[in-house]
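Colleague: Could you please take a close look at the salt bridges in this model, and say how exposed or buried their partners are? A connected account suited to a first-year student would be welcome.

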Amino acid sequence: MSEPLMRVVYVSHNTIQGDDDYLSQQIEQILDTARQLNEQAGITGALMFNRGLFAQVLEGPAAAVEETFERIQCDPRHAEVLMVACDPVTARSFDQWSMAYVGMQADVPALLLEIASETGFDAERIDGDAINNALRTLLTDSDGAQAAA
Amino acid sequence: MSQPQPACLPETAGQAHELDVSSFSGPAGYAVLGHEGRLYSSNPQLAVLLGDAVVVSGRLDSLCQNGHGPSAAELMQSLTGTDDSTITLEIADGVTRQLQFGPLRAHRRLLIVSDPHHISVQTSALEQDTLTGLANRHQLNEILSRLESERAAAQSAPTATNGNAGNAAILLIDIDRFKQINDTLGHATGDSLLRLVTGRLRRVTRETDQLMRVGGDEFLLALPCDEEPGGVEQLAIRIVELISRPFLINGQQLNTGVSIGIAWFDDEAEDGATLLQHADLALQKAKVSGRNQACAFQSYMAQEALQRRALEIDIRRALTLQQFRLVYQPQVDLHTGKLAGFEALLRWEHPVRGTVPPIEFIPIAEETGEIRRIGAWVILEACRQASLWPAELTVAVNVSPLQFDDEKLPGHVKDALNRSGIAPERLEIEVTEGLLFHNPDAALAQLTQLRQLGVDIAMDDFGTGYSSLSHLSRFPFTKVKIDQSFVRGGVDDRTQALVTCIISLGASLGMKTLAEGVETPEQYQRLQTSGCDAVQGYLISRPMEAGSTTNFVDQCSRQIHDGDATA
């Protein structure tokens, strides 16, 4: 690996309005697009979603991460984006997933539950590494996650 | 444009104010036509786009006579119809023109001719911003005059408007603290940010909207027409939110925001220049209201700007018209109980405005730079007045941080001392802590020069603001003035502890202390016991006219003889 790697972790508020079916459909669409584009760009990562919030990890070559992040930023389906980590890294956490997904039903650890519960969401206190690690543990240890195609 | 309803209009309704398009500027050709194809008026651009024949013959159907033209039937349909219609016409090989017909009053038709390749053809290198690829300032006038022409045309058409809906609007979008970003993170990062902001703005603009970069960190978005009420405001709010999202540039997170001023073409803004001015006023409002927000123009903003402009002009004249005067508030030495001197305070008496408080005109005089002239006069006048008092009395003069900018202050002071003949130690220059933030190096150099002249330097309003101890030790102050908020009213133990602390701090740094706002004998007593050197306030006297000072001085010396300075 020649190009330096970078990891970005952010949380944002969901702005998609609608019933569960519609939400699922939208998430499906987000993941489809993400997986397609990410694979081309050499990006891997994970997305966690519940009704209120998104938490996402993006990792890959710095330029690609920046471009992907900017594309996601313009998406009207979320708002109040808060970047909780943005660091150079030596290895990927999600090298098997162009975009792993942790949904509402998954058996998520306490930390992620706390992040995901809108009440008591203290953005300033959230640790990007902690999110990254919790998602990684969840995805590698359980079969509750859906690996990317 | 919404659907016209020509049937509702009497045949002759429009004749009295027949639309004249001959002065319409911009890249489009305009013509007012009769149903039979006769040209009633046209602008010069029409001949440029369609050829002279049409204008010379005065008839649009002359277009049908060359091989390329539309069929006579097609043209007739567009001329006699009551709806909007568009014909694309090839006037020469590969050269096309778009002819848009719209209804006017009294069986007239409005024709707008455009070159569909206009934008790409016209946006030459000069008119394009190389960094963002957007149109730049050179195109601004053209775009504004196009909006203006379209508006004039739309107004002649019998369409009902609903508030601002249907009116063209512009958004003036300014990146908050862009200079700071450039300065701290470098121009390359600043440039990347401009490109990313452009990208985000493009995401929310429609094809018919015009986005351009009109300044270093300023964009203008021209919206040809606002279809629904509130649509423009919603777009602006969306832009604010979108730009407030984090940017990722060179592995670093960058947060910024935009302030937006919105203005519409309406009864108050009938031309592009006014429209731009309105957007700018709204933008200023958005900035002073805390940035990272959109603000729509309202008429009161123009009023305020006018009033402000009038005030600026009045301030500029005030010195020449001798509307300024100084009043003097006595200062008493707490050790001797004797009158020590006066602080000179500026007053502005305007024939119509009446007495204008300094708080209202000083900030404006500072912004316009007029403060330097006013400030020089204040020093001169205060020294002249002091020369009429006994030689032991001092005069304190307030100096604005802005007066240090042109480095002429020491010269003005020297001049005032020479002309009045007073000893330098009788003059005290009062500065606020703001000066030391404004331009610390220039301030230190000039304050040192003033000290070398023998003039005293007081730090005003100490205790409010930063009250930095390092400022006290770094700059050559001879006196600290304790702010009146520590003196007035019922003083609690903590405040008293602070006052005592400032007094002993001053003493240990070799500075005198003077407390302002002394209103009661108790306060006087307390400050005296605490070791404060001097006081001023209503207990001693309110500020008085220059003419009353000599009397006051006499009175004081008599009271001293009677042994009571504070009665």
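Modeller: A residue is called buried when its relative accessible area is under 20%, exposed when that value is over 50%, and partly exposed in between. By this rule R206(B), with a relative accessible area of 34%, is partly exposed because its value falls between the two cut-offs. Please bear in mind that the model is predicted.

The partner of R206(B) is D209(B), and their side chains meet in a salt bridge with a distance of 3.0 Å from N to O. D209(B) has a relative accessible area of 8%, and therefore counts as buried. This salt bridge thus joins a buried residue to a partly exposed one.

The pair is one part of a wider picture, for a search of the whole structure, over all chains, finds 29 salt bridges. Another of them lies in chain A, where E59(A) is bonded in this way to R7(A), with 3.5 Å between the closest N and O atoms. These two residues bring together distant parts of the chain: E59(A) belongs to strand β3 (residues 53-61), R7(A) belongs to strand β1 (residues 5-14), and 52 residues separate them. Is each partner buried or exposed? E59(A) has a relative accessible area of 0% and is buried. R7(A), at 11%, is likewise under the 20% limit and is therefore buried.

A further example is found in chain B, where the side chains of E367(B) and R308(B) form a salt bridge with an N to O distance of 3.1 Å. Here too distant parts of the chain are linked, since E367(B) sits in helix α11 (residues 358-368) and R308(B) in helix α10 (residues 299-318), 59 residues apart. E367(B) is exposed, its relative accessible area being 60%. R308(B) has a value of 27% and is therefore partly exposed. The two residues do not stand alone: together with R309(B) and E312(B), they are linked in a network of salt bridges.

To summarise the three pairs by accessibility: E59(A) and R7(A) are both buried. In the second pair D209(B) is buried, whereas R206(B) is partly exposed. In the third, E367(B) is exposed, while R308(B) is partly exposed.

Notes: Residues numbered from 1 in each chain as written. Chains lettered and ligands numbered in written order. Predicted model: local features only at pLDDT ≥ 70, side-chain atom pairs only at ≥ 80, totals over all residues. Heavy atoms only, no water. Salt bridge = Lys/Arg side-chain N within 4 Å of Asp/Glu carboxyl O. Helix = DSSP H or I, 4+ residues; strand = E, 2+ residues; numbered from the N terminus. Buried < 20%, exposed > 50% of the residue type's maximum accessible area, 1.4 Å probe, protein only.
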